[in-house]
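Please open the model in your viewer and keep the selection tool at hand. The tour proceeds by selections, each followed by a description of what is found there.

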Amino acid sequence: MNLLEQYGLLLALTISIAGTVFCLYGLARAIGPTRQEPGKDVPASSGVLSRDPVWGRYHARYYGYALLFLAFDMEMAFMYPWAVVYKEVGMVALLDMGVFLAILFLGLLYGWSQGAFRRQ
(Lines give C-alpha, C1' and ligand atoms only; values in the text may rest on other atoms or scores of the structure.)
Protein backbone atom coordinates (compact mmCIF):
# COMPACT_ATOMS: atom_id res chain seq x y z
CA MET A 1 0.00 0.00 0.00
CA ASN A 2 1.59 3.24 -1.07
CA LEU A 3 1.31 6.61 0.63
CA LEU A 4 -1.55 7.89 -1.56
CA GLU A 5 -3.61 4.79 -0.83
CA GLN A 6 -2.99 5.21 2.90
CA TYR A 7 -4.19 8.83 2.81
CA GLY A 8 -7.20 7.75 0.76
CA LEU A 9 -8.03 5.12 3.36
CA LEU A 10 -7.65 7.70 6.12
CA LEU A 11 -9.93 10.12 4.25
CA ALA A 12 -12.52 7.36 3.69
CA LEU A 13 -12.45 6.47 7.41
CA THR A 14 -12.84 10.11 8.39
CA ILE A 15 -15.78 10.60 6.04
CA SER A 16 -17.46 7.39 7.19
CA ILE A 17 -17.08 8.32 10.86
CA ALA A 18 -18.47 11.81 10.27
CA GLY A 19 -21.35 10.32 8.26
CA THR A 20 -22.12 7.83 11.02
CA VAL A 21 -22.13 10.59 13.64
CA PHE A 22 -24.45 12.80 11.57
CA CYS A 23 -26.78 9.85 10.84
CA LEU A 24 -26.99 8.91 14.53
CA TYR A 25 -27.59 12.53 15.51
CA GLY A 26 -30.35 12.91 12.91
CA LEU A 27 -31.90 9.59 13.95
CA ALA A 28 -31.90 10.63 17.60
CA ARG A 29 -33.49 13.96 16.72
CA ALA A 30 -36.16 12.26 14.58
CA ILE A 31 -37.06 9.47 17.02
CA GLY A 32 -36.84 11.27 20.34
CA PRO A 33 -38.38 14.72 20.19
CA THR A 34 -37.08 17.08 22.81
CA ARG A 35 -39.40 18.11 25.60
CA GLN A 36 -38.99 21.27 27.59
CA GLU A 37 -39.38 20.60 31.30
CA PRO A 38 -38.81 23.18 34.01
CA GLY A 39 -36.35 21.15 36.12
CA LYS A 40 -34.47 19.55 33.23
CA ASP A 41 -31.62 22.05 33.05
CA VAL A 42 -31.07 22.35 36.81
CA PRO A 43 -27.79 20.84 38.05
CA ALA A 44 -28.42 17.93 40.38
CA SER A 45 -26.45 15.03 41.78
CA SER A 46 -28.19 11.79 42.83
CA GLY A 47 -31.57 13.47 42.64
CA VAL A 48 -30.59 16.29 45.00
CA LEU A 49 -30.20 19.85 43.80
CA SER A 50 -26.67 21.16 43.97
CA ARG A 51 -26.04 23.74 46.70
CA ASP A 52 -22.74 24.97 45.28
CA PRO A 53 -22.34 26.75 41.98
CA VAL A 54 -21.69 24.33 39.15
CA TRP A 55 -18.93 26.41 37.56
CA GLY A 56 -16.38 26.11 40.34
CA ARG A 57 -12.91 27.53 39.90
CA TYR A 58 -9.74 25.54 40.22
CA HIS A 59 -6.49 27.04 41.33
CA ALA A 60 -4.13 27.95 38.50
CA ARG A 61 -1.19 26.04 40.00
CA TYR A 62 -2.71 22.74 38.84
CA TYR A 63 -2.47 23.74 35.19
CA GLY A 64 1.32 23.44 35.24
CA TYR A 65 1.11 19.89 36.53
CA ALA A 66 -1.50 19.04 33.94
CA LEU A 67 0.60 20.42 31.08
CA LEU A 68 3.72 18.58 32.21
CA PHE A 69 1.79 15.33 32.56
CA LEU A 70 0.34 15.81 29.10
CA ALA A 71 3.77 16.48 27.59
CA PHE A 72 5.32 13.35 29.07
CA ASP A 73 2.27 11.25 28.31
CA MET A 74 2.49 12.27 24.66
CA GLU A 75 6.18 11.44 24.73
CA MET A 76 5.36 7.80 25.41
CA ALA A 77 2.64 7.82 22.77
CA PHE A 78 5.25 8.92 20.22
CA MET A 79 8.14 6.74 21.41
CA TYR A 80 6.38 3.40 21.13
CA PRO A 81 5.66 3.55 17.38
CA TRP A 82 9.11 5.05 16.88
CA ALA A 83 10.70 2.06 18.59
CA VAL A 84 8.71 -0.32 16.40
CA VAL A 85 9.88 1.21 13.11
CA TYR A 86 13.36 2.27 14.20
CA LYS A 87 15.16 -0.66 12.55
CA GLU A 88 13.38 -0.12 9.23
CA VAL A 89 13.86 3.66 9.01
CA GLY A 90 17.31 3.92 10.61
CA MET A 91 19.20 7.18 11.01
CA VAL A 92 16.30 9.42 9.97
CA ALA A 93 14.19 8.00 12.80
CA LEU A 94 17.03 8.61 15.24
CA LEU A 95 17.31 12.24 14.13
CA ASP A 96 13.54 12.69 14.38
CA MET A 97 13.56 11.35 17.92
CA GLY A 98 16.48 13.65 18.78
CA VAL A 99 14.55 16.70 17.57
CA PHE A 100 11.47 15.57 19.46
CA LEU A 101 13.39 15.02 22.68
CA ALA A 102 15.16 18.38 22.30
CA ILE A 103 11.81 20.16 22.01
CA LEU A 104 10.48 18.22 24.98
CA PHE A 105 13.59 19.09 27.00
CA LEU A 106 13.12 22.79 26.17
CA GLY A 107 9.55 22.55 27.46
CA LEU A 108 10.83 20.87 30.59
CA LEU A 109 13.37 23.65 31.13
CA TYR A 110 10.68 26.27 30.60
CA GLY A 111 8.39 24.57 33.13
CA TRP A 112 11.25 24.37 35.59
CA SER A 113 12.08 28.05 35.11
CA GLN A 114 8.43 28.95 35.74
CA GLY A 115 8.38 26.96 38.99
CA ALA A 116 6.25 24.04 37.82
CA PHE A 117 8.19 21.59 40.01
CA ARG A 118 8.11 23.69 43.15
CA ARG A 119 6.11 22.21 46.02
CA GLN A 120 3.28 24.35 47.21
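The stops below run from the whole chain to single residues.

**Conventions**

The model is predicted, so that local features need pLDDT of at least 70 and side-chain atom pairs count only at pLDDT 80 or more, while totals for chains, interfaces and linings use all residues. Residues are numbered from 1 along each chain as its sequence is written, and side-chain values use heavy atoms, with hydrogens and water left out.

**Select the whole chain**

Colour by secondary structure: three helices and two strands appear, in the order α-β-β-α-α along the sequence. Helices (H or I, at least four residues) and strands (E, at least two) are DSSP runs, numbered from the N terminus.

The C-alpha trace spans about 65 × 50 × 20 Å along its principal axes. The radius of gyration of the chain is 24 Å, whereas a compact globule of 120 residues would have one near 14 Å. That radius is taken over C-alpha atoms, and the globule rule is 2.2 Å times the number of residues to the power 0.38.

Now display the surface. Its accessible area comes to about 11,200 Å², of which 68% belongs to carbon and sulfur atoms; such areas come from the Shrake-Rupley method with a 1.4 Å probe, and for residues only the protein chains shown count as cover. Of the 120 residues, 7% count as buried. Buried means under 20% relative accessible area, exposed over 50%, and partly exposed in between (1.4 Å probe, protein chains only).

**Select M1, L9, L13, I17 and V21**

These residues form a nonpolar patch on the surface, with about 520 Å² of accessible area together. Patches are made of residues with over 30% relative accessible area and no salt bridge; like charges are joined within 9 Å, and nonpolar side chains (Val, Leu, Ile, Met, Phe, Trp, Tyr) within 5 Å. A salt bridge is a side-chain nitrogen of Lys or Arg within 4 Å of a carboxyl oxygen of Asp or Glu.

Within the patch, I17 belongs to helix α1 (residues 3–31) and is exposed because its relative accessibility is 53%. L13 also sits in helix α1; with 46% relative accessibility, L13 is partly exposed. Add N2 to the selection: its C-alpha lies 17 Å from that of L13, at a sequence separation of 11 residues.

**Select E37, then P53**

E37 is in the loop between α1 and β1 (44–45) and is partly exposed, at 42% relative accessibility. A C-alpha distance from E37 to C23 gives 26 Å for 14 residues along the chain.

Continue to P53, in the loop between β2 (48–49) and α2. P53 counts as exposed because its relative accessibility is 68%. Between the C-alpha atoms of P53 and P43, 10 residues apart along the chain, the separation is 8.9 Å.

**Select helix α2**

Which residues does E75 contact, leaving aside its neighbours within four places in sequence? E75, located in α2 (residues 61–89), is in contact with F100, L101 and L104, where contact means heavy atoms within 4.5 Å. The relative accessibility of E75 is 12%, so E75 counts as buried.

In the same way, select A71, which lies in helix α2. A71 is partly exposed, at a relative accessible area of 28%. The C-alpha of A71 is 33 Å from that of F22, with the two positions 49 residues apart along the chain counted as their separation.

**Select helix α3**

Helix α3 (residues 91–113) comprises 23 residues and reaches 33 Å from its first C-alpha to its last, close to the 33 Å expected at 1.5 Å a residue. The expected span is 1.5 Å times one less than the number of residues.

Show side chains for A93, M97, L104 and G111, which are buried in α3. The cover over the buried residues of α3 includes α2. Finish just after α3 at G115, which takes a positive phi of about 85°.
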